[in-house]
Amino acid sequence: MTNILIASLFATSILAGIAHAEDAGKCGTAPQDRWMTQDALKVKATEMGFDVRQIKIEDGCYEVYGIKDGQKVEALFNPETGVQVGVDGDD
């Protein structure tokens with residue numbers, strides 16, 4: 001029984017890592033000099049209904065920390081286009 005539990009946990013962690021890598025791949029490979037500014041992304045995210053608290057760069061994506069629809073969110077955005085490509089923790 002313990003072996004089944006360990007195997008299940010291992011498989012789950014691998015799948016979660018793959019899902020996160022897929023989200024990061026959606027952010028593209030554009031050099032940073034072609035990225036939109038964080039200020040421009042903040043404006044765009046605000047127009048989408050986010051109350052932006054912080055923006056970070058994570059695995060080639062812009063990661064927006066904030067509130068949307070009364071919930072804390074960590075949304076991933078393509079840094080060149082500003083298109084939302086995922087929500088962190090939504091694996």
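## A four-stranded sheet with a helix across it

Let's start at a turn: Lys-68 stands opposite Gln-71, which belongs to strand S3. This is a predicted model, in which local features need pLDDT of at least 70 and side-chain atom pairs count only at pLDDT 80 or more, while totals for chains, interfaces and linings use all residues. Residues are numbered from 1 along each chain as its sequence is written, and side-chain values use heavy atoms, leaving out hydrogens and water.

**Overall layout**

The protein has two helices and four strands, and along the sequence they follow the pattern α-α-β-β-β-β. Here helices (H or I, at least four residues) and strands (E, at least two) are DSSP runs, numbered from the N terminus. Of the 91 residues in the protein, 27% are buried; buried means under 20% relative accessible area, exposed means over 50%, and partly exposed lies in between (1.4 Å probe, protein chains only). Among contacts (heavy atoms within 4.5 Å) between residues at least 6 apart in sequence, 40% join residues at least 24 apart.

**The sheet**

The four strands make an open sheet in the order S1-S2-S3-S4, with antiparallel pairing. Two strands count as paired if DSSP finds at least two bridges between them. S1 and S4 are the edge strands, each pairing on one side only. Neighbouring strands are turned by 30° against each other on average, direction ignored; axes are lines fitted to C-alpha atoms, for helices over the stretch in contact, and angles run from 0 to 180 degrees between N-to-C directions. Two of the strand pairs are hairpins, and here they are side by side:

| Strand pair | Bridges | A bridge pair | Residues between the strands | Positive phi |
|---|---|---|---|---|
| S1 and S2 | seven bridges | Val-52 with Gly-66 | two residues | Asp-59, near 55° |
| S2 and S3 | seven bridges | Glu-63 with Leu-76 | two residues | Asp-69, about 55° |

**The helix and the core**

Helix H2 lies across S1, S2 and S3, and it runs at about 135° to S1. Which elements give two or more residues to the largest nonpolar core? That core has 13 residues, and those with the most contacts inside it are Leu-41, Phe-50, Val-52, Ile-55, Tyr-62, Val-64 and Phe-77. The contributing elements are helix H2 (38-47), strand S1 (51-58), strand S2 (61-68) and strand S3 (71-77). S3 gives the most, with three residues. In this sense, a nonpolar core is a set of buried Ala, Val, Leu, Ile, Met, Phe, Trp, Tyr and Cys residues joined through side-chain atoms within 4.5 Å.

Leu-41 is a good place to begin a tour of this core. Leaving aside neighbours within four places in sequence, Leu-41 is in contact with Met-36, Ile-55, Tyr-62, Val-64, Phe-77 and Gly-82.

**The disulfide**

The structure holds one disulfide (a pair of cysteine sulfur atoms within 2.5 Å). This disulfide joins Cys-27 to Cys-61, with 1.8 Å from S to S. The pair links distant parts of the chain: Cys-27 sits in the loop between helix H1 (2-25) and H2, while Cys-61 is in strand S2, 34 residues apart. With 95° about the S-S bond, the link of Cys-27 and Cys-61 is right-handed. Both cysteines, Cys-27 and Cys-61, are buried.

**Two polar residues to look at**

Is Asn-78 buried or exposed? Asn-78 counts as buried because its relative accessible area is 9%. Asn-78 is found in the loop between S3 and strand S4 (84-87). Not counting residues up to four places away in sequence, Asn-78 touches Lys-26, Cys-27, Gly-28, Val-83 and Val-85, so one of the disulfide cysteines, Cys-27, is among its contacts. The side chain of Asn-78 also reaches the backbone nitrogen of Thr-81 at 3.0 Å.

Arg-53, in strand S1, counts as exposed because its relative accessibility is 57%. The side chain of Arg-53 makes a polar contact with the side chain of Asp-51 at 3.0 Å. A polar contact is a pair of N or O atoms within 3.5 Å; within protein, one must be able to donate a hydrogen and the other to accept it, and residues adjacent in sequence count only if both atoms are side-chain atoms. Leaving aside neighbours within four places in sequence, Arg-53 is in contact with Tyr-65, Gly-66 and Ile-67. The C-alpha atoms of Arg-53 and Tyr-65 are separated by 5.6 Å, although these residues are 12 residues apart along the chain.
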